[in-house]
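Visitor: I am new here. Could you walk me through this structure and explain the terms as we go?

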Amino acid sequence: RVDEMIALGEELGAERIEIAHVQYYGWALLNRNALLPSREQLERTNVIVAAARTRLSGRIAIDYVVPDYYAARPKACMGGWANRFINISPSGKALPCHAAETLPGFTFPSVREHSLASIWAESDAFRRFRGTDWMPELCRSCDQREIDWGGCRCQALAIAGDAAATDPACARSPDHHRMADAIAEAENAPLDLIPRRLRYN
(Lines give C-alpha, C1' and ligand atoms only; values in the text may rest on other atoms or scores of the structure.)
Protein backbone atom coordinates (compact mmCIF):
# COMPACT_ATOMS: atom_id res chain seq x y z
CA ARG A 1 0.00 0.00 0.00
CA VAL A 2 3.03 2.29 0.17
CA ASP A 3 2.81 2.91 -3.57
CA GLU A 4 -0.85 3.90 -3.13
CA MET A 5 0.06 6.36 -0.36
CA ILE A 6 2.74 7.93 -2.56
CA ALA A 7 0.23 8.19 -5.41
CA LEU A 8 -2.21 9.93 -3.06
CA GLY A 9 0.53 12.40 -2.10
CA GLU A 10 1.09 13.14 -5.79
CA GLU A 11 -2.63 13.59 -6.36
CA LEU A 12 -2.89 16.03 -3.45
CA GLY A 13 0.11 18.05 -4.64
CA ALA A 14 2.35 17.25 -1.67
CA GLU A 15 5.85 18.71 -1.65
CA ARG A 16 7.13 16.26 0.97
CA ILE A 17 6.03 12.77 1.99
CA GLU A 18 7.28 10.96 5.06
CA ILE A 19 7.15 7.18 5.08
CA ALA A 20 8.02 6.24 8.63
CA HIS A 21 7.34 3.24 10.76
CA VAL A 22 5.78 3.35 14.18
CA GLN A 23 8.06 3.53 17.22
CA TYR A 24 7.49 0.54 19.47
CA TYR A 25 6.59 1.84 22.89
CA GLY A 26 3.22 2.33 24.56
CA TRP A 27 0.32 1.05 22.46
CA ALA A 28 2.59 0.12 19.54
CA LEU A 29 4.77 -2.07 21.78
CA LEU A 30 1.66 -3.95 22.92
CA ASN A 31 0.82 -4.51 19.25
CA ARG A 32 4.34 -5.07 17.92
CA ASN A 33 3.56 -8.56 16.61
CA ALA A 34 0.79 -7.18 14.41
CA LEU A 35 2.63 -4.03 13.30
CA LEU A 36 6.23 -5.16 12.70
CA PRO A 37 6.84 -5.78 8.98
CA SER A 38 8.60 -8.89 7.75
CA ARG A 39 11.99 -8.58 6.07
CA GLU A 40 10.27 -9.33 2.74
CA GLN A 41 7.80 -6.47 3.30
CA LEU A 42 10.63 -4.14 4.24
CA GLU A 43 12.69 -5.04 1.16
CA ARG A 44 9.65 -4.54 -1.08
CA THR A 45 9.06 -1.12 0.48
CA ASN A 46 12.73 -0.22 -0.02
CA VAL A 47 12.34 -0.87 -3.76
CA ILE A 48 9.08 1.13 -3.99
CA VAL A 49 10.54 4.12 -2.14
CA ALA A 50 13.78 4.10 -4.15
CA ALA A 51 11.82 4.08 -7.42
CA ALA A 52 9.50 6.86 -6.22
CA ARG A 53 12.43 9.01 -5.11
CA THR A 54 13.98 8.69 -8.56
CA ARG A 55 10.71 9.34 -10.39
CA LEU A 56 9.67 12.28 -8.20
CA SER A 57 13.10 13.88 -7.77
CA GLY A 58 12.80 17.66 -7.83
CA ARG A 59 9.02 17.52 -7.32
CA ILE A 60 8.39 15.66 -4.05
CA ALA A 61 10.92 15.00 -1.30
CA ILE A 62 10.43 11.59 0.31
CA ASP A 63 11.67 11.03 3.86
CA TYR A 64 11.96 7.33 4.65
CA VAL A 65 12.48 5.89 8.12
CA VAL A 66 12.81 2.11 8.39
CA PRO A 67 12.10 0.11 11.56
CA ASP A 68 15.05 -0.02 13.96
CA TYR A 69 14.48 -3.75 14.39
CA TYR A 70 16.34 -4.43 11.13
CA ALA A 71 19.19 -2.01 11.84
CA ALA A 72 22.78 -2.61 12.91
CA ARG A 73 23.17 0.97 14.14
CA PRO A 74 20.71 3.14 16.05
CA LYS A 75 19.28 6.34 14.64
CA ALA A 76 20.09 9.68 16.22
CA CYS A 77 16.66 10.00 17.78
CA MET A 78 15.52 13.63 17.46
CA GLY A 79 19.07 14.47 16.37
CA GLY A 80 20.25 13.53 19.87
CA TRP A 81 18.43 14.08 23.17
CA ALA A 82 17.96 17.85 23.64
CA ASN A 83 20.56 18.63 20.99
CA ARG A 84 18.31 20.22 18.37
CA PHE A 85 14.63 19.98 19.23
CA ILE A 86 12.22 21.05 21.91
CA ASN A 87 8.59 19.94 21.91
CA ILE A 88 5.83 21.68 23.82
CA SER A 89 2.91 19.49 24.87
CA PRO A 90 -0.67 20.83 24.86
CA SER A 91 -0.41 21.23 28.64
CA GLY A 92 2.72 23.39 28.27
CA LYS A 93 5.35 20.82 29.25
CA ALA A 94 8.68 21.16 27.45
CA LEU A 95 9.94 17.81 26.17
CA PRO A 96 13.24 16.74 24.54
CA CYS A 97 11.24 14.37 22.32
CA HIS A 98 7.56 13.71 21.64
CA ALA A 99 7.54 10.51 23.74
CA ALA A 100 9.76 11.62 26.62
CA GLU A 101 6.85 11.48 29.06
CA THR A 102 6.92 7.68 28.78
CA LEU A 103 10.23 7.65 30.69
CA PRO A 104 9.93 7.27 34.47
CA GLY A 105 11.75 9.50 36.93
CA PHE A 106 11.51 12.76 34.98
CA THR A 107 9.86 16.04 35.85
CA PHE A 108 9.37 18.07 32.71
CA PRO A 109 9.24 21.83 33.20
CA SER A 110 6.37 23.94 31.91
CA VAL A 111 6.74 26.93 29.62
CA ARG A 112 4.07 28.56 31.79
CA GLU A 113 6.55 28.68 34.66
CA HIS A 114 9.99 28.83 33.01
CA SER A 115 11.54 30.47 29.97
CA LEU A 116 12.57 28.29 27.04
CA ALA A 117 16.16 29.45 27.53
CA SER A 118 16.27 28.27 31.15
CA ILE A 119 14.52 25.00 30.31
CA TRP A 120 17.01 24.30 27.52
CA ALA A 121 20.12 25.20 29.51
CA GLU A 122 19.25 24.31 33.10
CA SER A 123 16.53 21.65 33.22
CA ASP A 124 17.63 18.22 34.44
CA ALA A 125 15.17 16.65 32.01
CA PHE A 126 17.01 18.24 29.08
CA ARG A 127 20.52 17.80 30.42
CA ARG A 128 20.27 14.18 31.59
CA PHE A 129 20.87 12.48 28.22
CA ARG A 130 22.40 15.40 26.31
CA GLY A 131 25.87 14.95 24.84
CA THR A 132 28.04 11.93 25.63
CA ASP A 133 28.88 12.10 29.36
CA TRP A 134 25.76 10.12 30.35
CA MET A 135 26.54 7.23 28.00
CA PRO A 136 27.53 3.75 29.13
CA GLU A 137 31.16 2.89 28.32
CA LEU A 138 30.08 0.85 25.28
CA CYS A 139 28.71 4.03 23.69
CA ARG A 140 31.32 6.47 25.03
CA SER A 141 34.12 4.44 23.42
CA CYS A 142 32.32 4.19 20.05
CA ASP A 143 33.37 6.34 17.09
CA GLN A 144 29.67 6.84 16.23
CA ARG A 145 28.81 8.43 19.60
CA GLU A 146 28.40 11.94 18.17
CA ILE A 147 26.53 10.63 15.13
CA ASP A 148 23.83 8.46 16.71
CA TRP A 149 24.03 10.06 20.21
CA GLY A 150 23.27 6.69 21.79
CA GLY A 151 20.03 6.17 19.85
CA CYS A 152 16.55 6.28 21.33
CA ARG A 153 16.05 6.47 25.11
CA CYS A 154 12.43 5.34 24.88
CA GLN A 155 13.44 2.29 22.85
CA ALA A 156 16.23 1.49 25.31
CA LEU A 157 13.65 1.52 28.11
CA ALA A 158 11.11 -0.54 26.15
CA ILE A 159 13.55 -3.24 25.02
CA ALA A 160 16.40 -3.23 27.56
CA GLY A 161 14.41 -2.00 30.56
CA ASP A 162 16.77 0.93 31.15
CA ALA A 163 16.51 4.34 29.48
CA ALA A 164 20.28 4.85 29.99
CA ALA A 165 21.25 1.59 28.28
CA THR A 166 22.79 1.29 24.83
CA ASP A 167 19.95 1.36 22.30
CA PRO A 168 19.25 -2.31 21.42
CA ALA A 169 19.15 -1.31 17.73
CA CYS A 170 22.95 -1.17 17.93
CA ALA A 171 24.69 -4.42 16.99
CA ARG A 172 27.14 -3.84 19.86
CA SER A 173 24.35 -3.76 22.46
CA PRO A 174 24.10 -6.82 24.72
CA ASP A 175 20.34 -6.58 24.09
CA HIS A 176 20.55 -6.49 20.28
CA HIS A 177 19.39 -10.12 20.07
CA ARG A 178 16.03 -9.00 21.45
CA MET A 179 15.35 -7.22 18.16
CA ALA A 180 15.85 -10.45 16.18
CA ASP A 181 13.77 -12.32 18.77
CA ALA A 182 10.92 -9.84 18.27
CA ILE A 183 11.06 -10.26 14.48
CA ALA A 184 10.90 -14.05 14.83
CA GLU A 185 8.02 -13.80 17.29
CA ALA A 186 6.07 -11.46 15.00
CA GLU A 187 6.46 -13.80 12.01
CA ASN A 188 4.59 -16.57 13.82
CA ALA A 189 2.07 -14.52 15.78
CA PRO A 190 -1.60 -13.93 14.91
CA LEU A 191 -2.43 -10.44 13.66
CA ASP A 192 -4.46 -9.53 16.72
CA LEU A 193 -4.54 -5.88 17.77
CA ILE A 194 -5.02 -4.79 21.36
CA PRO A 195 -7.34 -1.77 21.19
CA ARG A 196 -6.24 1.51 22.69
CA ARG A 197 -8.49 2.72 25.48
CA LEU A 198 -9.21 6.42 25.24
CA ARG A 199 -9.78 8.27 28.47
CA TYR A 200 -11.85 11.41 28.58
CA ASN A 201 -11.51 13.80 31.51
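Guide: Gladly! A salt bridge is a side-chain nitrogen of Lys or Arg within 4 Å of a carboxyl oxygen of Asp or Glu. By that rule, 0 salt bridges are found across the interface of domain 1 and domain 2. This is a predicted model, where local features need pLDDT of at least 70, side-chain atom pairs count only at pLDDT 80 or more, and totals for chains, interfaces and linings use all residues. Residues are numbered from 1 along each chain as its sequence is written, and side-chain values use heavy atoms, leaving out hydrogens and water.

Visitor: What makes domain 1 and domain 2 separate entries?

Guide: The domain assignment gives domain 1 as 1–66 and domain 2 as 77–187; such bounds come from an automatic or database assignment. Their C-alpha centres lie 24 Å apart.

Visitor: How do you know that domain 1 and domain 2 are in contact?

Guide: Contact means heavy atoms within 4.5 Å, and 7 residues of domain 1 meet that with 10 residues of domain 2.

Visitor: Why is Cys-152 said to be in no disulfide?

Guide: A disulfide is a pair of cysteine sulfur atoms within 2.5 Å. The structure holds 0 disulfides. For Cys-152, the nearest cysteine sulfur, that of Cys-77, is 3.9 Å away, so Cys-152 is in no disulfide.

Visitor: And what about Cys-170?

Guide: The nearest sulfur to that of Cys-170 belongs to Cys-142, 6.1 Å away, so Cys-170 is in no disulfide either.

Visitor: Why is Cys-170 called buried?

Guide: Buried means under 20% relative accessible area, exposed over 50%, and partly exposed in between (1.4 Å probe, protein chains only). Cys-170 has 7%, so Cys-170 is buried. Cys-152 also counts as buried, because its relative accessibility is 3%.
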